[in-house]
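Reader: I am new to this structure. Please take me through one part of it closely, and show me how that part connects with the rest.

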Amino acid sequence: AGLRFGEKAGIWRFNFNGSLKMTRLADLRLFVMVVDTGSLTAAAHALDVSPAVASAHLKRLERELDARLLLRSTRSLRPTPEGERYLAHAREALRS
């Protein structure tokens, strides 16, 4: 059950600069899945979207929050300090 990737339901959250923004729950789910799997491709496949679509959604989330959430390299993907802080909020939002 729950929301499918791409549905536009969201929650209001403050970004790192203190601005109030609407964040799509699908973007939060993707972010959490990427951190949990350590792989954009694995998270995209689990959510049944292409890695390119998943990457675009993560970039949108980072832009909306005005923060870099993930450190990306060709061999690894891990959360930044801001990403670690946001991860707790994302998990809580998805639980509620």
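Author: What follows is a close look at helix 1 and its partners.

Start with the setting. The model is predicted. The protein chain has 96 residues, and 40% of them are buried. Its secondary structure comes to 4 helices and 4 strands. From the N terminus on, the order is β-β-α-α-α-β-β-α. Take the contacts between residues at least 6 apart in sequence: 47% of them join residues at least 24 apart. On the outside, the protein chain exposes about 5,800 Å². Carbon and sulfur atoms supply 52% of that area.

Now helix 1 itself. Helix 1 spans residues 25-37. It has 13 residues. From its first C-alpha to its last it reaches 18 Å, close to the 18 Å expected at 1.5 Å a residue. After the helix comes Gly 38. The phi of Gly 38 is positive, near 70°.

Which residues of helix 1 are buried? The list starts with Leu 25, Ala 26, Asp 27 and Leu 28. It goes on with Leu 30, Phe 31 and Val 32. Val 34 and Val 35 complete it.

Next, the core. In soluble globular proteins, nonpolar side chains tend to be buried together. Here the largest nonpolar core has 24 residues. Seen by how many other members they touch, Leu 30, Phe 31, Val 34, Leu 58, Leu 69, Leu 70 and Tyr 86 lead the core. Helix 1, helix 2 (40-46), helix 3 and helix 4 each supply at least two residues of this core. Helix 1 gives the most, with 7 residues.

Helix 1 also has charged partners. The structure holds 4 salt bridges. One of them joins the side chains of Arg 60 and Asp 27, at 2.8 Å from N to O. Arg 60 lies in helix 3 (residues 51-65) and Asp 27 in helix 1, so this salt bridge ties together parts that are 33 residues apart in sequence. Are these two residues buried or exposed? Asp 27 is buried, at 0% relative accessibility. Arg 60 is buried too, with a relative accessible area of 17%; the cut-off for buried is under 20%.

A second salt bridge involves Asp 36 of helix 1. Its partner is Arg 91, and the closest N and O atoms are 2.6 Å apart. Arg 91 sits in helix 4 (residues 81-95). The pair links distant parts of the chain, 55 residues apart. Asp 36 is partly exposed, with a relative accessible area of 49%. Arg 91 is partly exposed as well, at 28% relative accessibility.

Stay with helix 4 for a moment. Arg 95 forms a salt bridge with Glu 92, the closest N and O atoms being 3.1 Å apart. Both residues lie in helix 4, 3 residues apart, so about one helical turn separates them. Arg 95 is exposed, with a relative accessible area of 60%. Glu 92 is partly exposed, at 43%.

Put the picture together. Helix 1 gives 7 residues to the core. Asp 27 pairs with Arg 60, and that salt bridge ties helix 1 to helix 3. Asp 36 pairs with Arg 91, and that pair links helix 1 with helix 4.

Terms used. Residues numbered from 1 in each chain as written. Predicted model: local features only at pLDDT ≥ 70, side-chain atom pairs only at ≥ 80, totals over all residues. Heavy atoms only, no water. Buried < 20%, exposed > 50% of the residue type's maximum accessible area, 1.4 Å probe, protein only. Contact = heavy atoms within 4.5 Å. Areas by Shrake-Rupley, 256 points an atom, 1.4 Å probe, with all protein chains shown as cover. Expected span 1.5 Å × (residues − 1). Core = buried A, V, L, I, M, F, W, Y, C linked by side-chain atoms within 4.5 Å.
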